[in-house]
Amino acid sequence: MTQVATATERLTVGTGAPRGGRTGGNAIDRARKRLFVPFVGPAFLLYTLLFVVPAGYAVWISFNKWAGAGPMEFVGFGNYIRLFSDKLFLQSFGNTLLLLFVVGIAIFVISFGLTLVLRDMAGRKIARSVIFFPHLVNAMIFGVLAGFIFNPGGLVNSLLAVFGVNEPPAWLSHDNLFPLIMVMMTWVTTGYFTTILMAGVDRIPPYYYEDCALAGANAFQRLRYVILPLTWDVFGTCAVLWTISSVKIFEIIWVFGGSTGAGMPPTQTWTTAVYTYVTAFSGESVPAYGAATASAVLSLALVSVLVLLLRRVMKRDAVEF
């Protein structure tokens with residue numbers, strides 16, 4: 001037995017297998033590890049130079065008072081304290097949350113409803129293209145269109161006059177402009193997420209629905225036990241995409257504000273993105289790059305926290321089919 005053990009040990013050492021039960025993997029795994037740096041390294045380097053370094057420098061600027069030229073004055077958390085005591089920033093932050101949650105909920109409810117309606121409808125590919133079309137149109141078109149449709153002598157008021165409404169709401173007033181933007185954002189974005197959800201539903205094999213029919217499952221049971229579990233990962237991806245994009249909403253608000261004739265959107269419609277731009281680049285006052293960058297850093301922190309929460313809340317075991 002001792003000779004057999006000695007021979008086995010010699011054979012193991014001779015084949016180059018590492019001691020302690022560790023294996024270096026097969027040749028394919030080792031080749032992949034050798035190719036990791038040359039393939040991923042350049043992309044990681046570019047990402048670091050173009051995104052990580054500027055983001056780190058932006059955080060440093062947020063701790064300084066700076067007009068864009070001349071020396072910086074270190075103020076620590078002074079810019080952040082100023083933001084949380086600024087009513088305009090708090091209002092802008094609140095508008096961002098309204099877009100994130102209220103518009104987001106409306107988008108997903110409508111998108112999922114359209115997905116269920118269009119799933120078995122004839123010509124659903126054409127319908128998918130039609131509802132996706134508003135997402136392709138530039139936001140400037142919607143701003144100009146709003147100026148024509150919702151002005152006092154526009155199309156909407158003319159149609160309301162036919163039904164006897166002689167005193168319609170002032171659609172483009174400062175108080176009504178942000179709800180109008182929320183409705184417009186819902187209309188523009190619904191088709192985009194409907195297309196993604198429909199793609200997730202279309203990949204469900206038809207025999208799942210046939211089994212449900214044989215088992216006598218109703219529509220709600222098919223929704224609960226088949227459609228939702230098999231498209232849950234798609235819902236999670238859509239939620240992350242909307243969270244990231246909603247915090248960056250800028251152009252449609254700026255264009256809608258311009259449709260009122262004021263040039264700059266009224267403060268009632270500002271989001272954190274608009275607040276950051278005006279604080280840094282408005283040209284109507286001394287630029288405050290420190291405060292503007294602090295606003296951007298807070299937006300980044302909001303997105304990071306929400307994305308992590310969404311990933312944790314919507315994390316499910318993958319269902320293979």
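## A buried threonine, a salt bridge and a nonpolar patch

T194 is buried, with a relative accessible area of 0%, in what is a predicted model. This residue sits in helix α8, which covers residues 174–202. Once its neighbours within four places in sequence are set aside, the contacts of T194 are with S111, L114, T115 and I131.

Beyond the end of that helix, attention turns to charged side chains. Side chains of opposite charge can pair when their charged atoms come close. The count of salt bridges in the model comes to one, and the side chains that meet in it are those of R203 and D233, with an N to O distance of 2.9 Å. Because R203 lies in the loop between α8 and α9 (206–215) whereas D233 belongs to helix α10 (residues 219–247), the pair ties together parts that are 30 residues apart in sequence.

The relative accessibilities of T194 and of the two salt-bridge residues are set out below.

| Residue | Relative accessibility | Class |
|---|---|---|
| T194 | 0% | buried |
| R203 | 37% | partly exposed |
| D233 | 45% | partly exposed |

R203 counts as partly exposed because its 37% falls between the limits of 20% for buried and 50% for exposed, and D233, at 45%, is placed in the partly exposed class by these limits.

A further feature lies at the surface, where L45, L46, Y47, L49, L50, F51, V52 and V53 make a nonpolar patch of about 820 Å². One of these residues, F51, is found in helix α2, which comprises residues 27–62.

Technical notes
Residues are numbered from 1 along each chain as its sequence is written. This is a predicted model: local features need pLDDT of at least 70, side-chain atom pairs count only at pLDDT 80 or more; totals for chains, interfaces and linings use all residues. Side-chain values use heavy atoms; hydrogens and water are left out. Patches are made of residues with over 30% relative accessible area and no salt bridge: like charges are joined within 9 Å, nonpolar side chains (Val, Leu, Ile, Met, Phe, Trp, Tyr) within 5 Å. Accessible areas come from the Shrake-Rupley method with a 1.4 Å probe; for residues, only the protein chains shown count as cover. A salt bridge is a side-chain nitrogen of Lys or Arg within 4 Å of a carboxyl oxygen of Asp or Glu. Helices (H or I, at least four residues) and strands (E, at least two) are DSSP runs, numbered from the N terminus. Buried means under 20% relative accessible area, exposed over 50%, partly exposed in between (1.4 Å probe, protein chains only). Contact means heavy atoms within 4.5 Å.
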